[in-house]
Structure formats: structure tokens, C-alpha cells
Amino acid sequence: MEQDRKKSNDVSFESKAGDIIIANSDTNQPDQVDGNPIPVRQPLSNRTSHDEHVTLSKKLSLFLMLTLRSLGIVFGDIGTSPLYVVSTIFDTPPSEDQCIGAISLIIWNLIVVVSVKYAIFILMADNQGEGGTFALCGLLTGERSRLGQKAKKVVIIVSIVAASLIIGDGCLTPAVSVLSAIEGLVLDALRLAKYTVPITVVIVFLLFMAQRWGTAKIGIAFGPVMTVWFLVIFMIGVWRVSAKPVILRAFNPWEALHHLIREKKSGFYQIGGVFLSATGLEAMYADMGHFGKWPIRFAWIAVVFPAVLLNYLGQGALLIVHPEYVNNPFYHAVPPWSHWPMVVLSTVATIIASQAIISGSFSLVSQAVAMGFCVPMNIIHTSKTMVGQIYVPSINYILMILTIIVTVGFRTSARITNAYGVTVCSVMIITTVLFICVLKWTWQKSIWFILPFSLFLIIDLYTWAALSLKIPTGGWVAILIAVLFSLLGFCWYYGQLRLRHFLHHHSQTTLLNDLPMRLGLNIQRQNSICISPDASVSQTNTFDDQHEQIVLHSSSDSDNDEHEQSIKRSQSRIALVQNVPIISKSNKDGTLITMNKIEQNALAVSITPGIGCFITHNNKRTPYVFENFIELMHSIPQVIIFLQIQYARIPVVSIQQRLLVKLYGESIYHITARFGYSENDKNLYDDVLILARNLYQIPISDDEMKVTFFISNQTVNVSTKGWKSWIRRWPLYLYSVLKALYPGEAINIQLPLENTVYIGTLSEL
């Protein structure tokens with residue numbers, strides 16, 4: 001018995017009457033209970049864990065494959081920036097010194113901001129292998145963070161703003177990328193100038209309409225196409241630089257500094273155009289979970305950086321010889337015989353670049369829904385093998401409409417770039433600030449490590465100051481789009497907080513410990529059910545003043561008799577806890593209701609065959625939807641399951657840590673299913689209930705139609721009491737509208753329509 005008691009230290013449980021939790025507390029051994037592996041008969045998904053980083057030394061073929069794919073997904077935007085950056089910097093034909101100075105600014109922008117800041121430092125801040133705004137949010141709001149609760153709420157709001165800026169970027173990137181490629185038609189066919197906007201609109205429309213089929217079929221071609229693109233622009237750059245090697249002076253950082261000093265005000269204005277050479281760097285961090293930090297770093301250093309660097313040098317060398325080509329130096333740098341093939345290749349490359357930011361927006365919205373920062377939009381998975389390939393119809397059509405409006409309104413890529421840089425630089429500033437907070441309050445780095453990195457924040461603020469001058473000439477469009485998305489996200493987040501507060505204080509629910517007596521299911525004593533995967537149930541002689549501990553230990557394979565007895569006890573799933581005082585609730589006069597009174601005052605309900613699964617947000621009390629169901633139907637299902645969906649602030653939760661199971665009485669279960677914010681393809685019957693049956697022998701039927709899901713359909717009324725209510729009234733009004741459009745539970749799950757029942761609830765906020 002003493003040996004069994006020592007073994008039980010690996011199992012986390014609460015030894016309260018009627019409340020047994022089966023869970024792993026040893027995070028170093030998540031796949032075991034009492035030293036024996038938990039049998040997993042049905043995996044939830046095919047997604048691999050991000051706990052193990054892919055490096056060159058581990059598996060060369062996998063590393064190279066991820067590197068190739070990252071070229072198409074991660075670097076499509078920053079790789080197509082040479083199409084419009086140099087033409088944006090200069091308004092008039094430049095001199096030789098101006099060309100060298102501007103190209104020097106571009107080179108050192110790529111070195112300092114992209115290569116050093118992002119590729120080395122920012123990619124360090126991965127949350128279980130994932131990157132992006134919500135990864136930083138997870139690091140700052142997790143258990144390791146030393147921030148207070150109010151500071152964590154501020155971090156959440158700032159993260160919502162950053163995500164909104166990235167989605168706003170998704171409206172501009174397809175427009176500026178595709179339009180800049182199509183503008184190459186005008187060079188050799190001026191009569192086609194009036195068709196550039198219509199052609200761009202058609203391509204953008206087809207691009208967004210094709211999202212419903214997903215990127216599974218065409219995604220494998222992205223990497224090779226972008227590899228060809230980078231090879232071509234690299235060779236063009238080498239060819240042009242060899243004709244005018246004086247441009248290599250741009251590697252001297254003094255040329256960049258001297259250019260800003262010499263040009264003064266005009267040089268300050270040019271910072272906005274120089275910054276566009278780094279647009280798309282947010283994808284390096286946001287897509288880190290798909291490929292890993294080392295494949296992304298290798299792809300940037302070995303392929304992307306040399307290609308774009310030489311191409312910028314080649315365009316600068318061209319402008320030194322032919323400054324009159326300043327209107328479109330990229331296509332003028334191409335040999336005349338290859339102009340039309342280059343137009344085709346550029347168009348394909350920009351479509352791929354647009355696809356990257358669109359897919360990134362889908363993933364961002366999906367993560368926001370999972371973390372409760374966005375309305376529960378419909379999310380469609382377009383691939384059976386890649387969980388990350390998703391399609392969000394609502395966001396897709398919103399982005400399509402906004403992109404077409406931007407294209408028609410601005411009409412040229414040069415005008416769109418005025419609005420383009422503001423959002424990207426704002427995201428960069430927020431990312432830098434959040435990363436500094438991670439260094440200070442999550443990783444507890446010294447101030448001497450943080451201060452040097454703070455120099456990047458000065459560079460970001462200086463760049464934003466230059467870009468802010470473009471706000472009146474078009475930057476306000478990007479800010480307006482970001483503000484609209486930020487308001488929607490904030491109102492939903494604030495409304496959800498208020499709704500949870502209201503339900504906590506006003507909803508009439510029952511303790512799950514008391515539910516069997518309330519329903520008249522227990523006659524003489526309270527039963528505490530202990531469920532374990534392939535484990536036996538035993539009682540120890542360890543007591544405290546009120547209850548008896550229940551300890552789990554694995555059955556021994558060497559003792560067949562003990563194993564058979566273990567199976568029988570596991571199948572029965574019942575262990576009585578004796579001498580437990582039962583106190584359920586009190587009358588209005590304060591007198592305690594004894595067990596006999598509970599039996600006499602038990603609800604008059606009938607038991608109907610079948611399994612009822614009630615979605616809940618509480619692990620101690622019954623959900624409001626269950627109370628409404630009893631009040632309306634005066635009956636209960638034969639098997640009652642309270643299912644709670646939780647999202648951990650990590651990308652993926654392992655199957656062994658997926659479920660926490662409690663059993664009350666003989667047929668009342670509480671299951672807590674935990675998912676990571678990147679796990680979206682969830683079917684409650686297959687991925688939760690069947691898994692619970694396989695691991696914990698919960699009586700779930702093979703016929704899905706015998707399981708009925710009950711979900712609350714919430715209606716919100718905004719209270720107007722109090723003269724200060726207008727302060728909180730406006731976000732709640734918008735929240736009530738969003739709640740009316742999306743009345744379901746914000747848990748992002750798949751439920752069968754034929755056996756799902758929505759029960760209405762009314763909340764006054």
C-alpha cells in the first residue's frame with residue numbers, strides 16, 4: 001500500500017467527495033500515468049507537435065523541404081518588394097550620389113531590421129514553436145509572466161490592435177503587389193494603361209474566390225516558383241552591378257548616413273519608401289509555427305537576402321546610367337527580350353505574395369477566435385492533412401471588398417504605398433514593445449540585455465515619424481481599416497468579460513457535487529466516481545477530517561488475477577466514499593437541508609433514453625443551459641455530460657493532456673477538453689467523446705445520433721441605468737449586435753445540425 005501511495009504522486013487529483021480529477025501533473029512525463037503509457041487508440045489530428053525544433057543537424061531532407069516551402073509562403077511579400085520600392089523613393093531623376101545613398105539605406109534596413117532584429121532576436125520569442133502577435137500575448141499572459149492582471153488585459157488589447165493592423169495590411173498587400181506587376185504592361189504597350197486597374201480587379205477577385213478551394217493543391221508549387229523568382233532577380237542584379245560596380249559603395253554605412261544629412265528634409269521623406277523594402281517581415285514571425293525558426297533563418301540568409309540585395313543594387317546601378325528610368329527601374333533593368341516573360345513571372349510571384357498575407361489573416365482570425373478575442377466565425381479546413389490550411393469566408397469577402405475598393409480608389413501602386421507602410425511599421429513598433437516586455441517580465445533578463453535591444457525601438461519610431469507624413473495622402477485609409485477591426489475585437493472581448501461577470505452573479509446553477517441528490521439519483525449516500533485509463537481503483541487508509549482519498553495505480557501485467565479484477569473495477573467505475581457529510585444548500589431561513597429533505601424535495605423529472613451533452617464554461621456548477629432545459633422539459637437524459645472547452649495559451653495540447661474527467665453519481669460526467677489556440681478542426685463527437693470512451697470507458701454510443709448537444713443561444717440587452725452608463729454602453733451596443741449575428745458559443749467547434757439543440761438565454765449587461 002505504501003508503494004502504491006508513492007506511485008500515486010505522479011497523478012494529480014482533488015480528493016473531494018464526488019470530485020475526482022484524472023490528470024497528469026508531471027509535465028516532464030506527459031505520456032505516462034504511474035510509469036505506464038496511456039493507450040491512445042484514436043489521434044485527434046495529424047498535426048505534428050512544435051515542441052521539437054527542426055534544425056539542420058537533425059534531419060537534412062526535412063530541413064530543406066521546410067526551407068523550400070517557406071520561400072513561397074513566408075517571403076513572397078518581402079521578395080516582391082523590389083517591384084515598387086526604388087520607384088517610390090525618387091520623385092525626380094536622381095544623381096549618382098543620391099542613388100548610392102538611397103540604395104545604402106535599403107541595404108542597411110535589410111541588415112539591421114530584418115537580418116538582425118527579426119531573424120535573430122524576434123524569432124527567439126516562440127510560444128511552443130509558434131510566432132506572431134498572439135504568441136507574444138501568450139508569453140506575457142501565461143503562468144511564467146510576472147505582469148499583473150490589469151497589465152495582462154492591456155497586453156491583450158494591444159495584441160488585438162496589432163492583429164487588426166496585420167489584417168488591414170491584408171487589404172493593401174494584394175492591391176499593391178498585383179497592381180505593381182500589371183503596371184509592367186504599360187512599358188511596351190502604352191495603349192494598355194487604361195486596362196491596368198480592371199485587370200488587377202479581375203485578378204484580385206479570382207484570387208479571393210479561389211480561397212474556398214484552399215492552398216493544398218497549389219501550395220506545393222509556391223516554393224519552386226519563388227525559387228525561380230529569386231534566382232532571376234539575383235541574376236538581373238548581378239548583370240546590372242557588373243556594368244556599374246560603383247554602386248557597391250552602398251555597402252558603406254556612411255553613405256546611408258551621409259545621404260540623410262545631405263538631403264535633409266527630402267531624405268527624411270524617403271525613409272518611408274526605404275522602409276517598404278522590409279514589408280512582409282511580419283510574416284517571418286507569424287509563420288514560424290508552420291516551418292520553424294531555423295528553416296526561415298536559413299531561407300532568408302541563403303536565398304532571399306542575397307537575391308533582393310543584388311536586385312536593389314542592380315536597380316541603383318541602372319539609375320546611375322539612366323536616371324530617366326526612375327518611373328519603373330525594375331522592369332527597365334530587365335533585358336528587352338525577356339520583358340513579357342518577366343511580367344508573367346512577376347504577376348505569378350505577386351499572386352503568391354498576396355496569398356501569403358491572405359492565409360496569414362485567416363490563421364490570425366482563427367487564433368483570435370480560439371482565444372476569445374473575436375466573434376466565432378465559421379472556419380473551414382481545406383486540407384485533411386494540414387490543419388493550418390483554413391478558410392474563413394467572412395474575412396475572405398471583407399478583405400476582397402476592401403482590396404477592390406483600395407485598388408479602384410488609388411489606381412496606381414505608388415499611391416497605395418503611401419497607405420501601405422503605416423500599418424506595417426505600427427505592427428513593428430508593437431512587436432518590439434511586446435518583445436521588450438517578454439524580455440523583462442517573462443524571461444527576467446537583465447537591464448543590460450534589454451537596453452541594447454531598445455535601440456531598435458528608436459529606429460522604429462523614427463521610421464514611423466517619416467511614414468506619418470503620408471497619413472494625409474493615403475495613410476489614413478490603412479489606419480481607418482485597422483481602427484474598425486480593433487473596435488470589433490475590443491467590443492467582443494469587453495462584452496464577453498461583462499457577460500461572464502453577469503452570468504457568474506445572476507445565473508442560478510447547482511453545484512455538481514449536489515446535482516445527483518437534487519435529481520433524486522442517490523438514495524443513501526453520495527457516490528464518487530473515479531475513472532482512469534486502464535488503471536485500477538483502490539482506497540487507502542489515509543483520511544482527513546471529512547473525506548477519504550482515492551488513489552490510482554496501474555494494474556500489473558505480471559498478475560493476471562489482479563489485472564482481471566482491475567478491469568472489472570474499471571468497468572464498474574464506481575468507488576463509494578463512506579462517512580461523508582452531505583450538505584447541499586440552505587433554506588431561505590438559513591437552516592441546512594439534510595439528505596432526507598433533499599430526497600423529498602428532489603426535482604420531479606423523468607429520465608429519457610440517450611446521451612445529453614451540455615456545453616459549459618464551469619467545472620464546479622451546472623451550466624445555465626442545463627437549468628433552462630430542466631425548467632422547460634422536466635426531464636433529463638439517461639447519461640448527462642457537461643463538456644467544457646478550454647484553450648491553453650500554447651499552440652498544441654498533447655492527447656495525454658487533452659481531457660480532465662470527473663464523474664458524479666452513476667451517469668453524470670464532467671469532461672474538460674483542452675485545445676491549443678492553433679487547433680481549430682475539432683469535432684466534439686470524434687475528438688472528445690470517442691476519445692473519452694477509449695481512454696476512460698465512458699458509455700458513449702457508436703451511433704452519433706444518440707448523442708444530443710445542447711448549446712446556449714444568448715441574447716444580450718444593454719442596461720441604461722446610471723448616468724455613467726454611456727461610458728460602457730457604446731461597446732456593449734456593438735457587442736449586442738455581434739452577439740445577435742453570432743449567438744452561438746465562442747468555442748469554434750463542429751456540431752452536427754441534426755442533433756444539436758439551441759436553448760435561449762437572456763442577459764442584461
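1. A disulfide is a pair of cysteine sulfur atoms within 2.5 Å. By that criterion, a search of the whole structure, which is a predicted model, returns zero disulfides. Two of the cysteines may be noted here. C137 is buried, its relative accessible area being 0%. C374 is also buried, with a relative accessible area of 14%, since the cut-off for that term is under 20%.

2. Helix α18 covers residues 393-410, 18 residues in total. Its length can be checked against expectation: at 1.5 Å a residue the helix should span 26 Å, and because its end C-alpha atoms lie 26 Å apart, the two values agree.

3. Which residues of α18 are buried? They are P393, I395, N396, L399, M400, T403, V406, T407 and F410. These positions cover an arc of only 155° around the axis, and therefore they fall on the same side of α18. On the other side of this helix, I405 and G409 are exposed.

4. The residue that comes just after α18 also deserves attention. There, R411 adopts a positive phi of about 70°.

5. How are helices α5 and α15 oriented with respect to each other? Helix α5 comprises residues 96-121 and helix α15 comprises residues 293-321; their axes come within 9 Å and cross at roughly 170°. An angle over 145 degrees counts as roughly antiparallel, so α5 and α15 are roughly antiparallel to each other.

6. The contact between these two helices can be described residue by residue. From α5, the participants include E96, C99, I100, I103, I106, I107 and L110. Further along α5, I111, V114, S115, A119 and I120 also take part. On the α15 side, the residues met are R297, W300, F305, V308, L309, Y312, L313, G316, L319 and I320.

7. A positive phi also occurs at K264, where the angle is about 55° although the residue is not a glycine. K264 is located in the loop between α11 (253-263) and α12 (265-275). Is this residue buried or exposed? K264 is exposed, because its relative accessible area is 62% and the term applies over 50%.

8. A further case is H634, a residue other than glycine whose phi is positive, near 55°. H634 belongs to the loop between α25 (624-633) and β12 (635-648).

Terms used. Residues are numbered from 1 along each chain as its sequence is written. This is a predicted model: local features need pLDDT of at least 70, side-chain atom pairs count only at pLDDT 80 or more; totals for chains, interfaces and linings use all residues. Side-chain values use heavy atoms; hydrogens and water are left out. Helices (H or I, at least four residues) and strands (E, at least two) are DSSP runs, numbered from the N terminus. The expected span of a helix is 1.5 Å times one less than its number of residues. Buried means under 20% relative accessible area, exposed over 50%, partly exposed in between (1.4 Å probe, protein chains only). The arc is that of the directions from the helix axis to the C-beta atoms. Axes are lines fitted to C-alpha atoms, for helices over the stretch in contact, and angles run from 0 to 180 degrees between N-to-C directions. Angles under 35 degrees count as roughly parallel, over 145 as roughly antiparallel, 65 to 115 as roughly perpendicular and the rest as oblique. Contact means heavy atoms within 4.5 Å.
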